[in-house]
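Reader: I should be grateful for a close account of one loop in this model. Please then follow the description into other parts of the fold, with attention to burial and contacts.

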Amino acid sequence: MQNVWDFIKPLLRWIALAILVSALIYLLVLILGIQPPKAFTIATGREDGAYYAFAVQYKERFAEEGYTLNIRSTAGSHETIDLLNAGEVDAGFIQNTASEDRDVSQLSTLASIFSEPLWMFHRQGRPQAEERIPNLERLRIGIGEVGSGTYSASTALLNAYDIDEENSTLVIAPSREAADLLKAGELDVMSLVAGASSPLVNEMLTTPGIDLLLFTRRKAYTSRLKNIFEVELAEGVIDLKQNIPPEDKKLLAATATLVANDELHPDLARL
């Protein structure tokens, strides 16, 4: 009997050692598997927009925590949603109105970031500052890029007045290009959905000869158009010294939202 035990005892030690090693390997794999990746990607709009500016701030903040945040610029919210659904980016900024005609079932909302007014800039005198959206018919109007929040919001608003390519010249172009065309006199009006901190918004508000179109019947717009609400741009909020804008402005706005695909690591979502 002693001879049998002498044979079994070292065998049991090897079995115990094998179990311990297996457990340690499993634990190591488990730990490595639940650690967040050190690099991931966020999608924004164009480089001259508020989304990109915010992403740069996120990149700096993540670097302090030891993570690399790659920034991918897009043509707008629709492209960002498509990239998220395809798994090509991990998070992104979108305008809430963009979710109306895109599949967002695999996406999670992390936060609502800020309101994004719909700005309609026009050359002073064409149309007159006191004129309204119905008077834009037959004019040259920049409506943003296809797939952008600007395109979605501006076409919805213009369609409410039956303003389309049959009775007006609707120019599809990035906001930067549209702004240059407006200042050069090659556009009469341009639409832009962006936060008040956007460099392009600031540029247009301070450009001589460019003014904001007035929105009347705002309550009708907010009741008829989904995810659109009213905001106020206070006098002097853009530039106190030059008093820009010169008076309170009532604007229509959407919400900028930070979203992520469902596979984003929860630690990164919290950060």
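**A loop and the parts beyond it**

Author: Asn243 is found in the loop between strand 9 and strand 10. The model is a predicted one, and every value below is computed from it. The backbone at Asn243 has a phi near 55°, which is positive although the residue is not glycine. With a relative accessibility of 29%, Asn243 counts as partly exposed, because that class covers values between 20% and 50%. Pro245 belongs to the loop between strand 9 (229–233) and strand 10 (249–261) as well. The peptide bond that leads from Ile244 into Pro245 is cis, with omega near -5°.

A positive phi is found at Asp162 too, where the angle is near 60° in a residue other than glycine. Asp162 sits in the loop that runs between helix 4 (149–159) and strand 6 (169–171). Its relative accessible area of 56% places Asp162 among the exposed residues, since the limit for that class is 50%.

Helix 4 itself provides the next step. Of its 11 residues, 8 are buried, so helix 4 is largely enclosed by the rest of the structure. The buried set includes Gly149, Thr150, Ser152 and Ala153, and it continues with Ser154, Thr155, Leu157 and Leu158.

Two of these helix 4 residues lead to strand 7. Ser191, which lies in strand 7 (residues 189–193), is in contact with Thr150 and Ser154, once neighbours within four places in sequence are set aside. On the same basis, its partners also include Leu118, Trp119, Met120 and Gly142. Ser191 has a relative accessibility of 1% and so counts as buried.

Gly142 can be described from its own side. This glycine is part of strand 5 (residues 140–142) and is buried at 1% relative accessibility. Beyond four places in sequence, Gly142 is in contact with Val189, Met190 and Ser191, and also with Val171 and Leu187. The C-alpha atoms of Gly142 and Asp188 are 8.2 Å apart, although 46 residues separate the two along the chain.

Helix 4 and strand 7 also meet at an open space. The largest pocket holds about 350 Å³ of space. It is lined by 25 residues, and the closest to its centre are Gly45, Arg46, Thr150, Ser175 and Val193. Helix 4 and strand 7 each give at least two residues to this lining, as do helix 2 and helix 5 (175–183).

Helix 2 opens the way to the aromatic side chains. The structure holds 7 aromatic pairs. One of them joins Tyr58 and Phe93 edge-to-face, with 5.8 Å from centre to centre and 85° between the planes. Tyr58 belongs to helix 2 (residues 50–64) and Phe93 to strand 3 (residues 91–95), so this pair ties together parts that lie 35 residues apart in sequence. The two partners differ in burial: Tyr58 is partly exposed at 25% relative accessibility, whereas Phe93 is buried at 1%. Phe62 and Tyr67 form a further edge-to-face pair, with 6.4 Å between ring centres and 80° between planes. Phe62 is buried, with a relative accessible area of 5%, and Tyr67 is likewise buried, at 15%. Over the face of Tyr67 lies Lys38, at 4.4 Å from the ring centre.

Tyr58 and Phe93 also take part in a cluster that ring pairs build together with Tyr51, Phe54 and Phe114.

From Phe93 the path continues to helix 3. Thr80, a residue of helix 3 (residues 77–85), touches Phe93 when residues up to four places away in sequence are not counted. Under that condition Thr80 also touches Gly92 and Ile94, as well as Ala43, Thr44, Thr74 and Val89. With Thr74, its side chain makes a polar contact of 3.1 Å, side chain to side chain. Thr80 is buried, with a relative accessible area of 0%.

Methods
Residues numbered from 1 in each chain as written. Predicted model: local features only at pLDDT ≥ 70, side-chain atom pairs only at ≥ 80, totals over all residues. Heavy atoms only, no water. Phe/Tyr/Trp six-rings, centres within 6.5 Å; stacked < 30°, edge-to-face > 60°. Buried < 20%, exposed > 50% of the residue type's maximum accessible area, 1.4 Å probe, protein only. Lys NZ or Arg CZ within 6 Å of the ring centre and 35° of its normal. Contact = heavy atoms within 4.5 Å. Polar contact = N/O pair within 3.5 Å; in protein donor to acceptor, adjacent residues only side chain to side chain. 1 Å grid on protein atoms, 1.4 Å probe; cavity = no way out; pocket = protein on both sides within 12 Å on 5 of 7 lines; lining within 4 Å. Points joined across faces, edges and corners; volume = space filled by probe spheres on them.
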